[in-house]
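Reader: I am new to this structure and should be grateful for a close look at a single part of it. Please begin there and then set that part in its wider surroundings.

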Amino acid sequence: MKHRMHPESLMMTYGYKPELSEGAVKPPIFQTSTFVFKTAEEGKAHFELAYGLREKELSEEQGLIYSRINNPNLEILEDRLCLWDKASDAAVFESGMSAISTVLLEFLKPGDLLLYSSPTYGGTDHFIHHYLKDIGVHSIGITADMEQDEIVRAIDQSGYADKLSLIYLETPANPTNAIIDIEMASDIAKIYSNENKKVHLAVDNTYMGPIWSQPLKHGADLVIYSATKYIGGHSDLIAGAVVGHYDVIKRVKTLRTFLGNMASPNTCWLLLRSLETLKLRMEAQARNAIMVAEFLNEHPLVEKVYYPSLLKEGSRAQKIYRRQYTSPGAMVSFDMRGGEKEAFVFLNQLKLIKLAVSLGSTESLAQHPATMTHAGVSPEDKLKFGISDKMVRLSIGVENYKDLIWDITNAFEAVAKMEQLEDLNLMS
Ligand SMILES: *Cc1c(COP(=O)(O)O)cnc(C)c1O
């Protein structure tokens with residue numbers, strides 16, 4: 001009887017043949033730059049496939065050549081990453097930013113128009129507004145509250161509608177958890193595609209993926225990850241990935257071969273180890289995050305919590321959330337009563353939760369978006385996106401949630417004490 005295994009059941013074995021590695025149950029680290037060909041004919045055949053000089057024969061596999069092009073650790077990791085997103089191919093990079101910049105460079109040429117969602121990751125934002133702008137790529141930013149007709153109008157009025165070539169989304173947005181409708185973006189891509197030109201849709205799925213969100217099934221062509229975050233999950237490496245259909249990943253991999261920004265065998269090996277516990281970790285993190293978000297939502301020193309399960313009943317955002325995600329995730333942002341001073345007292349008092357940027361790891365982290373991850377965003381944009389001085393962002397880990405709430409409670413008490421002291425000073 002045919003049985004389809006779940007990705008979590010395949011993460012320990014898929015794509016690896018022990019008989020090729022002395023029976024080792026785990027893939028060794030293939031710490032080698034180059035691979036020996038059995039014969040000159042074999043070397044020739046490997047290059048013909050790698051350079052697309054002829055089609056693959058039915059039973060033929062791409063042979064190993066040189067670790068910038070392929071390496072067993074890279075290939076096993078790419079095979080396993082395909083499983084979560086039900087993708088036909090994947091490309092792994094040395095960082096999330098190299099995955100993002102390679103996709104943007106491959107699918108945009110001077111004169112093209114890029115439609116992108118904002119707020120977006122600071123590095124992505126910088127690449128769009130500096131490098132891409134300098135080489136003549138036009139861009140339009142959209143926000144989560146915009147409806148399809150409003151976006152179509154903005155494209156038509158830009159004067160570059162016929163040049164639209166890539167739609168780039170980051171959802172849920174960092175740090176506000178604002179949710180963008182991927183299916184709506186896919187419809188917009190179709191409107192501007194024709195027989196000569198396909199508008200591609202790329203989604204940065206770092207914030208929820210790959211367990212709770214699979215953008216390919218909502219119409220995305222490319223899904224991008226900072227594998228530094230949940231996929232790596234232990235704050236001990238930097239890496240990135242792009243998954244999608246074979247045809248688009250082939251373009252991404254070709255550019256990667258010439259930029260030379262693939263991940264090293266050692267990083268791939270660490271990521272293979274991480275993937276074995278990805279689902280366990282992310283589920284534990286989300287369970288904790290729900291407890292923390294609900295605690296924050298009831299706290300008198302908290303003005304507002306940004307967490308998808310707390311979205312307003314019946315709102316457009318909640319409808320998209322329910323369609324696109326299977327969990328509210330483990331990223332919780334909140335506004336404190338007060339401003340930067342209160343937020344800083346809170347952050348400085350945390351003991352278990354570490355004060356650091358990055359996210360998705362086993363340990364909980366806290367940071368102040370307005371002066372840290374989003375320090376480069378203009379004051380007008382901060383106001384527009386709701387990134388204020390009173391906002392704190394938490395990435396929830398796998399600790400016991402009671403200890404996290406204890407830590408948060410103590411930090412709030414320090415804030416309350418400071419406010420009482422100030423009131424006394426004012427009276428005296
Ligand atoms: C961290 C992050 C990136 C960049 O990834 P690096 O691995 O740091 O290069 C891109 N997008 C999002 C949403 C991120 O959180």
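**Helix 2 and its surroundings**

Author: In helix 2, which spans residues 40-50, the buried residues are Gly 43, Ala 45, His 46, Glu 48 and Leu 49. The model is a predicted one. After helix 2 comes Gly 52, which has a positive phi near 65°.

The wider setting is given by the domain assignment, which divides the protein into domain 1 (7-22 + 71-275), domain 2 (33-66) and domain 3 (278-427). Between the C-alpha centres of domain 2 and domain 3 there is a distance of 51 Å.

The largest nonpolar core has 69 residues, and those touching the most other members are Leu 81, Leu 296, Phe 334, Phe 346, Leu 394 and Phe 412. This core lies between domain 1 and domain 3, because both of these domains contribute residues to it. In soluble globular proteins, nonpolar side chains tend to be buried together. Leu 296 may serve as an example: beyond its neighbours within four places in sequence, Leu 296 has contacts with Val 302, Val 305, Val 332, Phe 334, Leu 394, Ile 408 and Phe 412.

Leu 81 also takes part in a helix pairing, that of helix 3 with helix 9. The axes of helix 3 (residues 72-85) and helix 9 (residues 265-276) cross at roughly 35° and come within 9 Å. The crossing is left-handed. On the side of helix 3, the residues involved are Asn 73, Leu 74, Ile 76, Leu 77, Arg 80, Leu 81 and Trp 84; they meet Pro 265, Cys 268, Trp 269, Leu 271, Leu 272 and Leu 275 of helix 9. This contact comprises eleven nonpolar residues, one polar and one charged.

A further pairing joins helix 6 (residues 148-157) to helix 7 (residues 182-191), packed at an angle of about 35° with axes 11 Å apart. Here the crossing is right-handed. Gln 148, Ile 151, Val 152 and Ile 155 of helix 6 meet Met 184, Asp 187, Ile 188 and Ile 191 of helix 7. By class, six of these residues are nonpolar, one is polar and one is charged.

Finally, helix 4 (residues 96-107) contains Ser 101. With a relative accessible area of 15%, Ser 101 counts as buried, because the term applies under 20%. Ser 101 and Glu 276 are 175 residues apart along the chain, and their C-alpha atoms are separated by 28 Å.

Terms used. Residues are numbered from 1 along each chain as its sequence is written. This is a predicted model: local features need pLDDT of at least 70, side-chain atom pairs count only at pLDDT 80 or more; totals for chains, interfaces and linings use all residues. Side-chain values use heavy atoms; hydrogens and water are left out. A nonpolar core is a set of buried Ala, Val, Leu, Ile, Met, Phe, Trp, Tyr and Cys residues joined through side-chain atoms within 4.5 Å. Buried means under 20% relative accessible area, exposed over 50%, partly exposed in between (1.4 Å probe, protein chains only). Domain bounds come from an automatic or database domain assignment. Contact means heavy atoms within 4.5 Å. Axes are lines fitted to C-alpha atoms, for helices over the stretch in contact, and angles run from 0 to 180 degrees between N-to-C directions. Helices (H or I, at least four residues) and strands (E, at least two) are DSSP runs, numbered from the N terminus. A crossing is left-handed if the near helix is turned anticlockwise from the far one by less than a right angle, and right-handed if clockwise. Ala, Val, Leu, Ile, Met, Phe, Trp, Tyr, Cys and Pro count as nonpolar, Asp, Glu, Lys and Arg as charged, and the others, Gly among them, as polar.
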